[in-house]
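Work through the exercises below with the sequence and the model side by side. Try each task before reading its solution.

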Amino acid sequence: MCRNGGSSGLGVKLRKYILLFLSLCIDYVWVNAAVVLADRLGIAETVLGQPPSWAARQVLSLILLSLVRVANASVGEWLLSYAQTEQPAGQRQWANLLLGTLGVLSGIWYLLHLTEPDDGMPFLFMVEDTLLKTAVIALYSALCSWCGVMLLRFEPKAKLCKALLFASVLPLTAINLIFSHDALIASMVARAASQGRSFPVEKAEVYARVSISYAILVAAVMLAILYFCRERPAVSVERSFEGSPGSQA
């Protein structure tokens with residue numbers, strides 16, 4: 001029994017450190033995204049007098065992260081508060097933590113990517129860089145983050161929402177490949193060129209052909225992990241009134 005108690009205590013401590021690490025990662029990503037956004041909008045250059053370097057952005061992000069944690073304004077701690085205090089302890093949480101964190105961070109990354117020059121990547125029949133295309137991609141990115149939030153909070157219906165989001169990758173990929181094939185190839189080449197890399201059209205064609213298979217594989221793996229996710233028990237109406245002043249009358 002001592003051995004079981006010791007292993008249980010070790011598991012609780014390990015989970016505590018894992019949750020602390022994940023909350024720090026989430027806070028750092030959104031703080032760093034805010035710093036990068038301020039830099040791209042020219043705010044940082046106006047305040048500092050010159051564009052900040054990559055190292056300066058990281059230092060500023062770490063300083064702001066420390067201030068956020070000291071001020072108890074941590075988004076990561078709020079997102080993981082249920083996982084931290086869940087009772088009884090020791091229940092399976094890894095699937096929620098994995099997919100939830102990936103969802104939140106990927107949504108932030110997609111939103112931040114909108115501030116970069118458009119490379120012509122098609123989305124839902126839209127190729128040109130228009131306000132409608134930007135708004136639709138922003139909404140889809142926000143949904144990615146929100147579904148991640150629901151999983152981290154173990155909210156009811158979180159699995160259904162995330163499953164629909166994973167399933168949407170397949171028709172989106174098929175639409176790009178069938179109806180916007182040339183634009184898809186051109187966007188791959190343009191993105192590589194903007195990063196100073198050479199990306200032959202023939203290689204882009206290969207990537208486009210395997211994109212459907214890749215999307216199916218990713219969706220299948222994510223749905224398999226989603227199967228192990230949990231949702232917090234729903235509070236019934238009867239239980240919600242337990243402990244009220246007239247409940248023991």
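The exercises go from the overall fold to a pocket, the cysteines, the backbone and some long-range contacts. Keep in mind that this is a predicted model.

**Exercise 1. The overall fold**

Task: Determine how many helices and strands the protein has, and what share of its residues is buried.

Solution:
- Start with the secondary structure. The protein has 11 helices and 0 strands.
- Write the elements in sequence order. The pattern reads α-α-α-α-α-α-α-α-α-α-α.
- Turn to burial. Of the 249 residues, 34% are buried.
- Look at the contacts with a separation of 6 or more. Residues 24 or more positions apart account for 75% of them.
- Finish with the surface. Its accessible area is about 15500 Å², and carbon and sulfur atoms supply 69% of that.

**Exercise 2. The largest pocket**

Task: Find the volume of the largest pocket, then state which elements line it with two or more residues.

Solution:
- Begin with the principle. Rolling a probe the size of a water molecule over the atoms shows where empty space is left.
- Take the volume. The largest pocket comes to about 1700 Å³.
- Go to its centre. The lining has 45 residues, and the closest to the centre are Trp109, Tyr110, Met121, Val169 and Arg191.
- Assign the lining to elements. Two or more residues each come from helix H6 (94–113), helix H7 (131–152), helix H8 (158–179), helix H9 (181–194) and helix H10 (201–227).
- Sort the lining by class. It holds 29 nonpolar, 8 polar and 8 charged residues.

**Exercise 3. Cysteines without a bond**

Task: Explain why cysteine 144 and cysteine 161 are each too far from the closest cysteine sulfur for a bond.

Solution:
- Search the whole structure. The count of disulfides is 0.
- Fix the cut-off. A disulfide needs two cysteine sulfur atoms within 2.5 Å.
- Check cysteine 144. Its closest cysteine sulfur belongs to cysteine 147 and lies 7.1 Å away, so the gap is too far for a bond.
- Check cysteine 161. Here too the closest cysteine sulfur is in cysteine 147, but 5.2 Å is still too far for a bond.
- Add the exposure. Cysteine 144 has 8% relative accessibility and is therefore buried. Cysteine 161 has 29% and counts as partly exposed.
- Now place cysteine 147. This residue sits in helix H7. Its relative accessibility is 6%, so cysteine 147 is buried.
- List the contacts of cysteine 147 beyond four places in sequence. They are Cys161, Lys162 and Leu165.
- Compare sequence and space. Cysteine 147 and valine 104 are 43 residues apart along the chain, with their C-alpha atoms separated by 7.6 Å.

**Exercise 4. Positive phi**

Task: Locate asparagine 72 and lysine 157, and decide whether each is buried or exposed.

Solution:
- Recall the rule. Most residues other than glycine have a negative phi.
- Take asparagine 72. Its phi is near 55 degrees, a positive value.
- Place asparagine 72. It lies in the loop between helix H3 (54–70) and helix H4 (75–79).
- Apply the cut-off: exposed means over 50% relative accessible area. Asparagine 72 has 67% relative accessibility, so it counts as exposed.
- Take lysine 157. Its phi is positive too, at about 70 degrees.
- Place lysine 157. The loop between H7 and H8 holds this residue.
- Use the cut-off again. At 56% relative accessibility, lysine 157 is therefore exposed.

**Exercise 5. Two residues with distant partners**

Task: For glycine 76 and methionine 222, list the contacts that remain once neighbours within four places in sequence are left aside.

Solution:
- Start with glycine 76, in helix H4. Its relative accessibility is 0%, so glycine 76 is buried.
- Name its contacts. Glycine 76 touches Ser23, Ile26 and Asp27, leaving aside neighbours within four places.
- Take the pair with aspartate 27. The two are 49 residues apart in sequence, yet 5.5 Å apart C-alpha to C-alpha.
- Move to methionine 222, in helix H10. With 22% relative accessibility, methionine 222 counts as partly exposed.
- Name its contacts. With neighbours within four places left aside, methionine 222 meets Leu99 and Phe166.
- Take the pair with leucine 99. Along the chain, methionine 222 and leucine 99 are 123 residues apart; their C-alpha atoms are separated by 7.9 Å.

Conventions: Residues are numbered from 1 along each chain as its sequence is written. This is a predicted model: local features need pLDDT of at least 70, side-chain atom pairs count only at pLDDT 80 or more; totals for chains, interfaces and linings use all residues. Side-chain values use heavy atoms; hydrogens and water are left out. Helices (H or I, at least four residues) and strands (E, at least two) are DSSP runs, numbered from the N terminus. Buried means under 20% relative accessible area, exposed over 50%, partly exposed in between (1.4 Å probe, protein chains only). Contact means heavy atoms within 4.5 Å. Accessible areas come from the Shrake-Rupley method with a 1.4 Å probe; for residues, only the protein chains shown count as cover. On a 1 Å grid over the protein atoms alone, a cavity is a set of points where a 1.4 Å probe fits but cannot get out, and a pocket is an open set with protein on both sides within 12 Å along at least five of seven lines; lining residues have an atom within 4 Å of a point. Grid points are joined across faces, edges and corners, and a volume is the space filled by probe spheres set on the points. Ala, Val, Leu, Ile, Met, Phe, Trp, Tyr, Cys and Pro count as nonpolar, Asp, Glu, Lys and Arg as charged, and the others, Gly among them, as polar.
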